Amino acid sequence: MGILRRIFSTDFRRAVAAEAEGDYLLAAQFYALCEEKEKVVDMHLALARQTEDGDHKARELRLALHFAGEDDRRRTMVLRLLAEVLLEQGRARGVETQAGRRRLEEAAALLEQGEGWQQAGDCYLELGRRERAAEAYARGGLVDRVEQVLGEEERQRERAMAEDRLFKDHELELR
């Protein structure tokens, strides 16, 4: 927005006044009317910082993400902040619950978008999705983590095959 347009725009002046008063929601609305997307992102980030409620914080971060363009330098930061909130909510609800798993899945996907490969891989491990974890680690160039995950998967497969073989041997002896 040009300097003259800023001076003569009542919406812009209202947005600045609302921001100065700490009414970030109203400021975001006026900045949106002025097509000042970066300022809208700032206002939603400020609202997210103010609240302790995880659902409200996630909603504000989703709105900030919506207004942050693909070329916005803060997009990665917003993605990771939202993922942290969802991780916290998912862990609080428990991996065993559907709601908890859904939040952890979404957090992992957001971390991948934000190129937080290690955190995404760790999240997939919590979900028991070793293949996806290995893929995330591989994308991040974390070769030692990939080897560790795949090695553990191989050990589990060998253990399952040994148990199966022992069970079949036991069945044979019973016959």
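This report describes the overall form of a predicted model and then several of its residues.

## Overall form

The chain contains 10 helices and 0 strands. Followed along the sequence, the elements run in the pattern α-α-α-α-α-α-α-α-α-α. The chain is more spread out than a compact globule, because its radius of gyration is 24 Å, well over the 16 Å that the globule rule gives for 175 residues. Along the principal axes, the C-alpha atoms fill a box of roughly 90 × 30 × 20 Å.

Of the 175 residues in the chain, 35% are buried. Among contacts with a separation of 6 or more, 33% join residues 24 or more positions apart. The accessible surface of the chain amounts to about 11100 Å², and carbon and sulfur atoms hold 50% of that surface. The charged side chains number 30 positive and 37 negative, with the centres of the two sets 3 Å apart.

## The aromatic pair

A search of the whole structure yields 1 aromatic pair. The ring centres of F12 and Y31 lie 5.9 Å apart and the ring planes stand at 70 degrees; the pair is therefore edge-to-face, since an angle over 60 degrees falls in that class. This pair links distant parts of the chain, with F12 in helix α2 (residues 10-21) and Y31 in helix α3 (residues 24-33), 19 residues apart. F12 counts as buried at 12% relative accessibility, and Y31 is buried with a relative accessible area of 1%.

## Buried residues in helices α4, α5 and α6

Three further buried residues are described here through their surroundings.

V41 belongs to helix α4 (residues 37-50). Its relative accessible area is 0%, so V41 is buried. Apart from neighbours within four places in sequence, V41 is in contact with A64, F67, A68, D72 and R74. Two of these partners, A64 and F67, fall within the span of helix α5 (residues 54-67). A separation in both sequence and space is seen between V41 and E131, which are 90 residues apart along the chain and 35 Å apart from C-alpha to C-alpha.

L65 lies in that helix α5 (residues 54-67). With a relative accessible area of 14%, L65 is buried. When residues up to four places away in sequence are set aside, L65 touches R75, V78, L79, L82 and L110. Among these partners, R75, V78, L79 and L82 have numbers within the range of helix α6 (residues 75-93), while L110 has a number within the range of α7 (98-113). L65 and M77 are 12 residues apart in sequence, and their C-alpha atoms are 9.5 Å apart in space.

Q89 is located in helix α6 (residues 75-93). Q89 is also buried, at a relative accessible area of 9%. Not counting residues up to four places away in sequence, Q89 touches G54, D55 and R103.

## Loop residues

The next residues lie in loops between helices, and their places and accessibility are set out below.

| Residue | Place | Relative accessible area |
|---|---|---|
| E35 | loop between α3 and α4 | 64%, exposed |
| E115 | loop between α7 (98-113) and α8 | 54%, exposed |
| R129 | loop between α8 (117-126) and α9 (130-139) | 26%, partly exposed |

Most residues other than glycine have a negative phi. E35, however, has a positive phi of about 60 degrees although it is not a glycine. E115 likewise shows a positive phi, near 60 degrees, in a residue other than glycine.

R129 touches E105 and Y124, leaving out residues up to four places away in sequence. Of these two partners, E105 has a number within the range of α7 (98-113), and Y124 has a number within the range of α8 (117-126). R129 and E115 are 14 residues apart in sequence, and the distance between their C-alpha atoms is 18 Å.

Terms used. Residues are numbered from 1 along each chain as its sequence is written. This is a predicted model: local features need pLDDT of at least 70, side-chain atom pairs count only at pLDDT 80 or more; totals for chains, interfaces and linings use all residues. Side-chain values use heavy atoms; hydrogens and water are left out. Rings of Phe, Tyr and Trp (its six-membered ring) pair if their centres lie within 6.5 Å; planes under 30 degrees apart count as stacked, over 60 as edge-to-face and the rest as tilted. Helices (H or I, at least four residues) and strands (E, at least two) are DSSP runs, numbered from the N terminus. Buried means under 20% relative accessible area, exposed over 50%, partly exposed in between (1.4 Å probe, protein chains only). Contact means heavy atoms within 4.5 Å. The radius of gyration is taken over C-alpha atoms; the globule rule is 2.2 Å times the number of residues to the power 0.38. Accessible areas come from the Shrake-Rupley method with a 1.4 Å probe; for residues, only the protein chains shown count as cover. Lys and Arg count as positive and Asp and Glu as negative; His and the chain ends are not counted. The place of a charge is taken as NZ of Lys, CZ of Arg, CG of Asp or CD of Glu.
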